[in-house]
Amino acid sequence: MDRLRIEGGHALRGAVAIAGAKNAALPQIAASLLSPHSLTLQNLPEVADVANMLALMAQHGATITRDAGSATIDAAAASPADTGYDTVRRMRATVLVLAPLLARFGQARVSLPGGCAIGARPVDMHVAALTALGADIVIEGGFIHARASGGLRGNRLVLPSPSVGATETAMMAATAARGETEILNAAREPEVVDLAACLAAMGARIEGAGTHRILISGGTVWRAATHRLIPDRIEAGTYAIAAAITGGQIELSGARLEHMAAVVQALEAAGVRVWPGDRGLIVAGGGPLRATDITTEPYPGFPTDLQAQFMALMTQAEGAAMIRETIFESRFMHVPELSRLGANIRLQGTTAVVRGATRLKGAPVMATDLRASVCLVLAGLAAEGETVLNRLYHLDRGYEQLDVKLRRCGARIERIGP
Ligand code: UD1
């Protein structure tokens, strides 16, 4: 299995082209199953999660045509085959095929995701949303069996909390239901807005995406569509922290400031400079870093997917920073690994207190999940000496050519074989 070897202590300078958003790509690939016409997605990131989701479409009988940076998915001949545990276990987002299959074929069987490294991550809100739209759902033998023999019916749904995935499930199902659907307490993430734009290009009528109230008129007449994915705000935030933690300067080509307000605010509070450039955002470190508290929240709050990276940055800041995680339980798996590099972090329930600045020293470290892995890469870039990161498959799930992009900015990082 490949590993990453990092020699820390070099300030990064240069530009990074921000890829399309993985978390926008996954639901939109699943949405292709709704329609008998083709969907072309542009600006697709070359990451393992996207490849796996496309492979899942092929398993369901869709034809995939790849081009540089794009894929056309033609689900005309698709069928509601089972989505088994092996697939779902590898990537929880595969549960997003449940709604499109049910909406189009009146039935679907998708394995339950089970636990994962960052908490229980149940799917009860997905199930409740589909039930409210008229589906009969039975959970048996580790599978979610969903049926809607007479078709789905529009309804008013109130989500108990603004889950991204449950909002996306409800939106996709509602496009094919009879009548109107209102989703209240909907997630407002840019990826939800981008799914709405993609569904609209496919023929759906959706209003209010990006607010807490989304309205969908069902009975969509589908048509072939092309949609370009938004840039990945989490990838952009990660490279922003790479610039800050090494005291360098990176231009994030294509990044959108309007998607990153909470992150930019936290970086500025920590003493990092951020300003708009010709092609995106420019981020510069170099001055003293100040300890800055953050709390992860649904969008537009600080994203949980950047919590681990921000924690790595705080090891280099003067003072004590409180990092509170409110979205996922057990999302502090990176803490013991950061400590092995010399970080001073104390965990108290859902809060981590990081005391800095500490001099990090390179060591072999183990990745536990996607964002934890990249946080260790960031810490390795700031550490003295050599850090070797094992279990790279987590990183490959969500970061396109991370080592190549970092090397172009002057990082000493290489991928090495087993
Ligand atoms: C998506 C993102 C993920 C990000 C997360 C929060 C994708 C593919 N993944 O995940 O990277 O970290 O949003 O921004 O877009 N929950 C329930 N029941 C449910 C659904 C969720 O209890 O039916 C809980 C989860 O366990 C979690 C919280 O709600 O504690 C938020 O989850 P959700 O917003 O649904 O995240 P995902 O869509 O899984």
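This is a short group-meeting talk on the ligand site, the cavities and a few backbone details of one structure.

Okay, hi everyone. Before anything else, keep in mind that what you have in front of you is a predicted model.

Let's begin with the ligand. Where does the ligand lie relative to the two domains? Domain 1 covers 3-19 + 231-416 and domain 2 covers 22-228, and since both of them give residues to the shell around the ligand, it lies between them. That shell has 18 residues, and if you want to find the spot on your screen, look for the closest ones: Asp 124, Met 125, Ser 163, Asp 305 and Ile 327.

Now some polar contacts. Ser 163 brings a polar side-chain atom to 2.6 Å from an oxygen atom of the ligand. Pro 122 uses its backbone instead: one of its backbone N or O atoms sits 3.2 Å from a nitrogen atom of the ligand. Then there's Gly 165, with a polar backbone atom 2.8 Å from an oxygen atom of the ligand. How much of the ligand does the protein cover? On its own the ligand has 740 Å² of accessible area, and the protein covers 82% of that.

Which elements give two or more residues to this shell? Those would be H1, helix H5 at 124-132 and helix H6 at 164-175. H5 gives the most, with three residues. As for the chemistry of the shell, you get eight nonpolar, five polar and five charged residues.

Right, on to the cavities. There are four of them with a volume of 30 Å³ or more, and I'll talk about two.

The largest cavity holds about 60 Å³ of space. Its lining includes Arg 233, His 259, Met 260 and Leu 306, as well as Tyr 299 and Pro 300. Helix H9, residues 261-269, supplies the largest share of that lining, three residues. What classes of residue line the largest cavity? Eight are nonpolar, two are polar and one is charged.

The second largest cavity comes in at about 50 Å³. Around it you'll find Ala 21, Lys 22, Asn 23, Glu 191, Asp 232, Arg 233, Ile 234 and Arg 371. Two elements, helix H1 (22-31) and helix H8 (233-245), each give two or more residues to that lining. By class we have five charged residues here, along with two nonpolar and one polar. Domain 1 and domain 2 each provide at least three residues of this lining. And yes, you heard Arg 233 twice: it is in the lining of the largest cavity and also in that of the second largest.

Last topic, the backbone. Remember Tyr 299 and Pro 300 from the largest cavity? They are joined by a cis peptide bond, with omega about 10°. Pro 300 is in the loop between strand S17 (294-295) and helix H10 (307-314). There's another cis peptide bond between Gly 356 and Ala 357, and there omega is about 0°. To find Ala 357, go to the loop between strand S20 (351-356) and strand S21 (364-366).

Two residues also have a positive phi without being glycine. For Asn 43, phi is about 65°, and Asn 43 lies in the loop between strand S3 (39-42) and helix H2 (48-59). For Arg 391, phi is about 60°, and Arg 391 is in the loop between strand S22 (386-390) and helix H13 (393-398).

So if you take one picture away, take the ligand lying between domain 1 and domain 2, with both giving residues to its shell. Thanks, that's me done.

How values were computed: Residues numbered from 1 in each chain as written. Predicted model: local features only at pLDDT ≥ 70, side-chain atom pairs only at ≥ 80, totals over all residues. Heavy atoms only, no water. 1 Å grid on protein atoms, 1.4 Å probe; cavity = no way out; pocket = protein on both sides within 12 Å on 5 of 7 lines; lining within 4 Å. Points joined across faces, edges and corners; volume = space filled by probe spheres on them. Helix = DSSP H or I, 4+ residues; strand = E, 2+ residues; numbered from the N terminus. Nonpolar A, V, L, I, M, F, W, Y, C, P; charged D, E, K, R; others polar. Domains from an automatic or database assignment. Near = heavy atom within 4 Å. Polar contact = N/O pair within 3.5 Å; in protein donor to acceptor, adjacent residues only side chain to side chain. Areas by Shrake-Rupley, 256 points an atom, 1.4 Å probe, with all protein chains shown as cover.
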